[in-house]
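Visitor: I have a structure to go through and some short questions about it. Could you take them one at a time?

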Amino acid sequence: MSEETDREELFMAVKMRHYGMVRNHRCVHAYLMARLKYIKSLRWGFGTNIPQDIRKSMSENESKWFDSYNKLLFNYMKNVGDDGIDLCQEQHPPKFRFITVRCLSDYGDLMLSDGTRVSIKKGLQHLLPRRDCEPLIRQGVLQHVLM
């Protein structure tokens, strides 16, 4: 009887260890998927240039994945339509084509889509086309001023 009890105890121990490993495996996969979703949201939020402090916290494989996602998205946007399309622009339907923005930091000259240059210096306010200044708003260089 003792030998049979020992076998049952061993079987239960192996079974519990296996269930623990399966659970840990699922948890690791869930964590990695959450990280990839976050990195994907960074691409849509900041564009191709994510902040350096965030970039440093990414592993080498995450950086490679981000770069390949950038290339894939770029190729897709380039091949849609005649001139391509930038899916990162105007993520929300605009109410107005032009918006008032306040410069939060010195950025230098900004070339608008119509060829006009605008000097972005801290403290200045400008009325600019939404599509030209939206990336800078996401980066924290400009602030949308609501009237």
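Guide: What follows is a walk through a predicted model, taken topic by topic.

Visitor: Start with the sheet. In what order do the strands of the open sheet come?

Guide: The open sheet has three strands in the order 4-1-5, and the pairing is antiparallel.

Visitor: Which are the edge strands?

Guide: Strand 4 (125–129) and strand 5 (142–144) are the edge strands, each pairing on one side only. On average, neighbouring strands of this sheet are turned by 45° against each other, with direction ignored.

Visitor: How many bridges are there between strand 1 and strand 4?

Guide: Five bridges, in the antiparallel sense, with strand 1 covering residues 98–103. Phe 98 has Pro 129 of strand 4 as its bridge partner, and Thr 100 stands opposite Leu 127 in strand 4.

Visitor: And how many bridges does strand 1 make with strand 5?

Guide: Three bridges, again antiparallel. The partner of Val 101 in strand 5 is His 144.

Visitor: What holds paired strands together in general?

Guide: Strands of a sheet pair through backbone hydrogen bonds, in a parallel or an antiparallel way.

Visitor: Back to Thr 100. Is Thr 100 buried or exposed?

Guide: Thr 100 lies in strand 1. Its relative accessibility is 15%, so Thr 100 counts as buried, the cut-off being under 20%. From Thr 100 to Asp 53 the C-alpha to C-alpha separation is 29 Å, with their positions 47 residues apart in sequence.

Visitor: Now strands 2 and 3. How many bridges join strand 2 to strand 3?

Guide: Four bridges join strand 2 (residues 108–111) to strand 3, and the two run antiparallel. Met 111, for one, has Arg 117 in strand 3 as its bridge partner.

Visitor: What about the residues between the strands in that hairpin?

Guide: The hairpin of strand 2 and strand 3 has five residues between the strands, and Gly 115 takes a positive phi near 95° there.

Visitor: Where do the side chains of strand 3 point?

Guide: They alternate along the strand. Val 118 and Ile 120 point to one face and are buried, whereas Arg 117 and Ser 119 point to the other and are not.

Visitor: Which residues make up the largest nonpolar core?

Guide: That core has twelve residues in all: Ile 99, Val 101, Cys 103, Leu 110, Leu 112, Val 118, Ile 120, Leu 128, Cys 133, Leu 136, Val 141 and Leu 142. Strand 1, strand 3 (117–120) and helix 4 are the elements that give two or more residues to the core.

Visitor: Which element gives the most to this core?

Guide: Strand 1 does, with three residues. As background, nonpolar side chains tend to be buried together in soluble globular proteins.

Visitor: Change of topic: how much space lies in the second largest pocket?

Guide: The second largest pocket holds about 270 Å³ of space.

Visitor: Which residues lie nearest the centre of that pocket?

Guide: Arg 43, Thr 48, Met 77, Asp 86 and Cys 88 lie nearest the centre, out of 17 residues that line the second largest pocket. The elements giving two or more residues to that lining are helix 1 (2–46), helix 3 (60–79) and helix 4 (130–139).

Visitor: How do the lining residues divide into nonpolar, polar and charged?

Guide: There are six nonpolar, six polar and five charged residues in the lining of the second largest pocket.

Visitor: Some single residues to finish. Where does Leu 87 lie?

Guide: Leu 87 lies in the loop between helix 3 and strand 1. Leu 87 counts as partly exposed because its relative accessibility is 32%. The C-alpha atoms of Leu 87 and Met 77 are 6.9 Å apart, and the two residues are ten apart along the chain.

Visitor: And where is Ile 50?

Guide: Ile 50 is in the loop between helix 1 and helix 2 (52–56). Ile 50 counts as buried because its relative accessibility is 10%. Ile 50 and Ile 85 are 35 residues apart along the chain, and their C-alpha atoms are separated by 21 Å.

Visitor: Last one: why does Ala 30 count as partly exposed?

Guide: Because its relative accessibility is 47%. Ala 30 lies in helix 1. Its C-alpha to C-alpha separation from Asn 79 is 33 Å, with the two 49 residues apart in sequence.

Conventions
Residues numbered from 1 in each chain as written. Predicted model: local features only at pLDDT ≥ 70, side-chain atom pairs only at ≥ 80, totals over all residues. Heavy atoms only, no water. Pairing = 2+ DSSP bridges. Axes fitted to C-alpha atoms, helices over the stretch in contact; angles between N-to-C directions. 1 Å grid on protein atoms, 1.4 Å probe; cavity = no way out; pocket = protein on both sides within 12 Å on 5 of 7 lines; lining within 4 Å. Points joined across faces, edges and corners; volume = space filled by probe spheres on them. Nonpolar A, V, L, I, M, F, W, Y, C, P; charged D, E, K, R; others polar. Core = buried A, V, L, I, M, F, W, Y, C linked by side-chain atoms within 4.5 Å. Buried < 20%, exposed > 50% of the residue type's maximum accessible area, 1.4 Å probe, protein only.
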